[in-house]
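This briefing sets out selected features of one protein, grouped by topic. Please read it alongside the sequence and coordinates.

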Amino acid sequence: MKLLQAKLDKYQEPQKAKAAGIYPYFRAISSEQDPEVTINDRKVLMFGSNCYTGLVNDPRIKEAAIEATRKYGTGCAGSPFLNGTLDIHKELEARIAEYIGKEDVMIYSTGFGVNLGVVSTLTGREDYILWDEQDHASIIEGLRLSFSKKLKYRHRDLDSLEKQLQKCEPDKAKLIVTDSVFSMEGDVADVKGIVELAKKYDATVMVDEAHGIGVFGEGGRGVCHAQGVAADVDLIMGTFSKSFASLGGFIATDKEITNFLRHHSRSYIFTASPTPAATAAALKALELMQEEPERQEHLWEMTNYALEGFRAMGCEIGHTSTPIIPLFVRDNYKTFGITRDLLEDGVFVNPVVSPAVAPQDTLIRFSLMATHTKEQVTEGLEKIQKVFRAYGLIP
């Protein structure tokens, strides 16, 4: 065995979990991603999807994707910088810019690529990036590639952020980057408070709305709009892989910033463009999100119902107020076991263990879609209560 393979062979954690019969990843789904999915020829309630709008199986979106494939083919065979820009891409950028309320929009092939390409590119060696310690992994990877000085502040702690801002040289650029909704624990950033500090210290603000769009604000425009500060947030990032029921992402900002990014952001310049099908699906989803506000209203009804149910049964759910509900377990292998037992009982949830969270913060991530019914949520609550009782986590 070569040295590299021998070194990597020492990583045996997945094998240990498999040997114990509790390995919880790569569970193959053989149906559409609806509130009920098929796994191993069994129907299972899906509480692990990020499609908060529930649009991922909408026939109108499927048809839009099919029509785009007929017209443009299956791919672009190049990056947007060269041969990969289609008129449908420009249409989506214009529609998102109008929707978010910004001068310009760039679409990337993935949401991860947006954060990677924007955070790593905007600021220089003499500048500063300030980031919430629980920001998404894609932001962290962008930080790693940036030559700027990085200052981490405590999670959702404005006093900690201000102390870090005070360390920055006043005449250097300062970029504050935060999630709006934090994807593992479902808590929400005080974007309004961040904006106020940014004005005080002449900083630029970037907000990742991956889990906020489709959930918060009029027409699902996100937390920045819901908190009334979208106009003061300099860069708003979003992804098409969640509420937009597609794949890709965008950054919405002013034209000075997009002009620079279009010519410097490597994950944009050197990645093939989003497929015609994905682009058309996102366009149709954007249309439906605005035309059907009842989706968002029902999502919140189910969210509040589930939150009340988990609190009543004694689950520890942290500070969430969103369709992302963390059920804290605080033990890696127990989290895996619960995930297995719930799947055997017909409930699909996601385990979140270290290093995604601290070892003492491991949890089951329960998430809702606008297409869940009250009966399905009730069944999910009842089955989770049974399993959590068996593990001694609730009375």
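In this predicted model, Val-37 has Val-44 of strand β2 as its bridge partner. The pairing of β1 (residues 36-39) with β2 (residues 42-46) is antiparallel and extends over 4 bridges. The points below begin with the sheet that holds this pair, then turn to a second strand pair, the overall fold and individual residues.

**The sheet containing β1 and β2**

- The sheet is open and has 3 strands, in the order β1-β2-β11, with mixed pairing.
- Its edge strands are β1 and β11 (347-348), each of which pairs on one side only.
- Strands of a sheet are joined in pairs through backbone hydrogen bonds, in either a parallel or an antiparallel arrangement.
- Between β2 and β11 the sense is parallel, with 2 bridges; here Met-46 is matched with Phe-348 of β11.
- The hairpin formed by β1 and β2 has 2 residues between the strands, and Asn-40 in this hairpin adopts a positive phi near 55°.

**The pair β10 and β13**

- Strand β10 (residues 324-328) is mostly covered, with 5 of its 5 residues buried.
- The cover applies to both faces: Ile-324, Pro-326 and Phe-328 are buried on one side, and Ile-325 and Leu-327 are buried on the other.
- β10 is paired with strand β13 (residues 363-367) in the antiparallel sense, over 5 bridges.
- Within this pairing, Ser-367 of β13 is the bridge partner of Ile-324.

**Overall fold and surface**

- The protein comprises 15 helices and 13 strands.
- Its radius of gyration is 21 Å, close to the 21 Å that the globule rule gives for 395 residues, so the protein is as compact as a globular protein of that length.
- The C-alpha trace spans about 55 × 55 × 55 Å along the principal axes.
- Of the 395 residues, 56% count as buried.
- Among contacts with a separation of 6 or more, 71% involve residues 24 or more positions apart.
- The exposed area is about 17700 Å², of which carbon and sulfur atoms supply 52%.
- There are 45 positive and 55 negative charges, and the mean positions of the two sets are 6 Å apart.

**Residues with positive phi in loops**

- Most residues other than glycine have a negative phi.
- Arg-156, which is not a glycine, has a positive phi of about 55°.
- Arg-156 belongs to the loop between β5 (149-153) and α7 (158-166); its relative accessible area of 40% makes it partly exposed.
- Asp-202 likewise has a positive phi, near 55°, and is a residue other than glycine.
- The loop that holds Asp-202 runs between α8 (191-200) and β7 (204-208), and Asp-202 is exposed there, at 62% relative accessible area.

**A buried strand residue: Thr-178**

- Thr-178 is part of strand β6 (residues 174-179).
- Its relative accessibility is 0%; the threshold for burial is under 20%, so Thr-178 counts as buried.
- When neighbours within four places in sequence are left aside, the contacts of Thr-178 are Asp-132, Asp-135, Tyr-153, Ala-189, Ile-194, Met-206, Val-207 and Asp-208.

**Partly exposed residues: Thr-271 and His-225**

- Thr-271 occupies the loop between α11 (266-269) and α12 (276-291) and is partly exposed, with a relative accessible area of 31%.
- Although Thr-271 and Pro-80 are separated by 191 residues in sequence, their C-alpha atoms are 8.0 Å apart in space.
- Apart from neighbours within four places in sequence, Thr-271 makes contact with Ser-79, Pro-80, Ser-109 and Arg-266.
- His-225 lies in helix α9 (residues 223-226) and is also partly exposed, with a relative accessible area of 27%.
- The C-alpha atoms of His-225 and Gly-212 are 9.9 Å apart, and these residues are 13 positions apart in sequence.
- Beyond neighbours within four places in sequence, His-225 is in contact with Tyr-99, Ile-100 and Ala-230.

Notes:
Residues numbered from 1 in each chain as written. Predicted model: local features only at pLDDT ≥ 70, side-chain atom pairs only at ≥ 80, totals over all residues. Heavy atoms only, no water. Buried < 20%, exposed > 50% of the residue type's maximum accessible area, 1.4 Å probe, protein only. Pairing = 2+ DSSP bridges. Rg over C-alpha atoms; globule rule 2.2 N^0.38 Å. Contact = heavy atoms within 4.5 Å. Areas by Shrake-Rupley, 256 points an atom, 1.4 Å probe, with all protein chains shown as cover. Lys, Arg positive; Asp, Glu negative; His and termini not counted. Charge placed at Lys NZ, Arg CZ, Asp CG, Glu CD.
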